[in-house]
Amino acid sequence: MRLPIIAGNWKMNTTVSEAVTLVQEMKATLEQVEGVERVLCPPFVSLSAIKELLQDSPIKLGAQNMYFEEKGAFTGEVSPRMLVDLCEYVILGHSERRQYFREDDNMINKKLKLALKSGLKPILCVGEKLEENEAGKTEDVVSHQVKAALVGIEPLKELVIAYEPIWAIGTGRAASGEQANNTIGFIRRIAAGVLGENIAAAIRIQYGGSVTAANTAEFLSQPEIDGALVGGASLKAAEFVSIVRQTAEIKK
Ligand code: PGA
């Protein structure tokens with residue numbers, strides 16, 4: 001049995017005080033839900049304040065990115081050594097990082113290796129562009145991304161993968177549950193080729209891209225989909241709590 005995991009990717013939203021308020025709004029209700037791992041990924045600058053708020057809480061924290069060196073002259077970057085005291089998870093290879101910050105497969109592979117070595121649990125994002133989807137290249141693209149990211153990785157069941165079709169992110173145009181389930185099943189088979197059947201059967205694979213309280217059931221009722229990486233809807237306390245609650249109900 002894979003423990004479902006819902007992560008909120010707040011992206012570049014919220015000041016520290018807004019982030020604290022958002023956590024205060026959802027904390028009590030989110031803590032009551034059982035059987036779902038709950039992860040909040042606020043901006044770096046809010047991690048410390050939120051960590052304080054979540055002492056002794058089952059709600060976990062994640063970062064949205066990290067650099068692939070432990071320390072040194074890399075002005076403005078944040079290393080896994082700095083993060084490991086603050087959070088448990090780190091999102092890597094998000095399509096916005098690939099697109100706007102030119103992160104390539106090699107960089108993402110280096111980040112993944114260092115994250116695991118440092119004791120952070122990665123949420124590795126993969127997904128195809130609209131034109132790739134329309135050209136029937138989805139499987140080629142995600143297969144390449146998964147294999148490239150996992151080169152030289154020790155098989156670890158702590159790995160989480162998020163399948164996020166780029167055309168579905170922030171657009172309100174989500175994939176269908178069946179479509180997402182098929183691609184996620186395919187990703188699990190690719191992961192099995194690299195990490196072995198047992199690890200691939202144990203790792204959690206999320207769907208991401210315009211997930212809301214209204215379409216949670218469509219995705220989470222699919223057998224291959226172990227959770228969601230939620231952007232916009234994770235900034236609304238009641239909506240995020242509803243996504244987590246529905247997941248608990250569907251997967252119990
Ligand atoms: P969205 O973002 O839910 O706003 O589409 C998801 C993500 O980018 O992780």
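## Ligand contacts

Start with Gly170: one of its backbone N or O atoms sits 2.6 Å from an oxygen atom of the ligand. Keep in mind that what you're looking at is a predicted model. The backbone turns up again at Gly232, where a polar backbone atom is 2.8 Å from a ligand oxygen. Lys11, on the other hand, uses its side chain, putting a polar atom 2.7 Å from an oxygen atom of the ligand.

How much of the ligand's accessible area does the protein cover? On its own the ligand has 280 Å² of accessible area, and the protein covers 95% of that.

## The shell and the pocket

There are 13 residues around the ligand, and the ones that come nearest are Lys11, His94, Glu164, Gly170 and Ser210. Sorted by type, the shell has seven polar residues, four nonpolar ones and two charged ones.

Where does all this sit? If you run through the pockets by size, the ligand takes up the space of the second largest one.

## Two loop residues with positive phi

Lys11 deserves another look, this time for its backbone. Its phi is near 55°, which is a positive value in a residue other than glycine. Lys11 belongs to the loop that links β1 (5-9) and α1 (16-32). So the loop after β1 holds Lys11, whose side chain has a polar atom 2.7 Å from a ligand oxygen.

Arg102 is another non-glycine residue with a positive phi, near 50° here. You'll find Arg102 in the loop between α4 (95-100) and α5 (105-118).

## Overall build

Zooming out, the chain is made up of eleven helices and eight strands. Its radius of gyration is 17 Å, close to the 18 Å that the globule rule gives for 252 residues, so the chain is as compact as a globular protein of that length. If you're setting up a box, the C-alpha atoms fill roughly 45 × 45 × 35 Å along the principal axes.

Key
Residues are numbered from 1 along each chain as its sequence is written. This is a predicted model: local features need pLDDT of at least 70, side-chain atom pairs count only at pLDDT 80 or more; totals for chains, interfaces and linings use all residues. Side-chain values use heavy atoms; hydrogens and water are left out. A residue is near a molecule or strand if one of its heavy atoms lies within 4 Å of it. A polar contact is a pair of N or O atoms within 3.5 Å; within protein, one must be able to donate a hydrogen and the other to accept it, and residues adjacent in sequence count only if both atoms are side-chain atoms. Accessible areas come from the Shrake-Rupley method with a 1.4 Å probe; for residues, only the protein chains shown count as cover. On a 1 Å grid over the protein atoms alone, a cavity is a set of points where a 1.4 Å probe fits but cannot get out, and a pocket is an open set with protein on both sides within 12 Å along at least five of seven lines; lining residues have an atom within 4 Å of a point. A molecule sits in a cavity or pocket if more than half of its atoms lie within 2 Å of its grid points. Ala, Val, Leu, Ile, Met, Phe, Trp, Tyr, Cys and Pro count as nonpolar, Asp, Glu, Lys and Arg as charged, and the others, Gly among them, as polar. Helices (H or I, at least four residues) and strands (E, at least two) are DSSP runs, numbered from the N terminus. The radius of gyration is taken over C-alpha atoms; the globule rule is 2.2 Å times the number of residues to the power 0.38.
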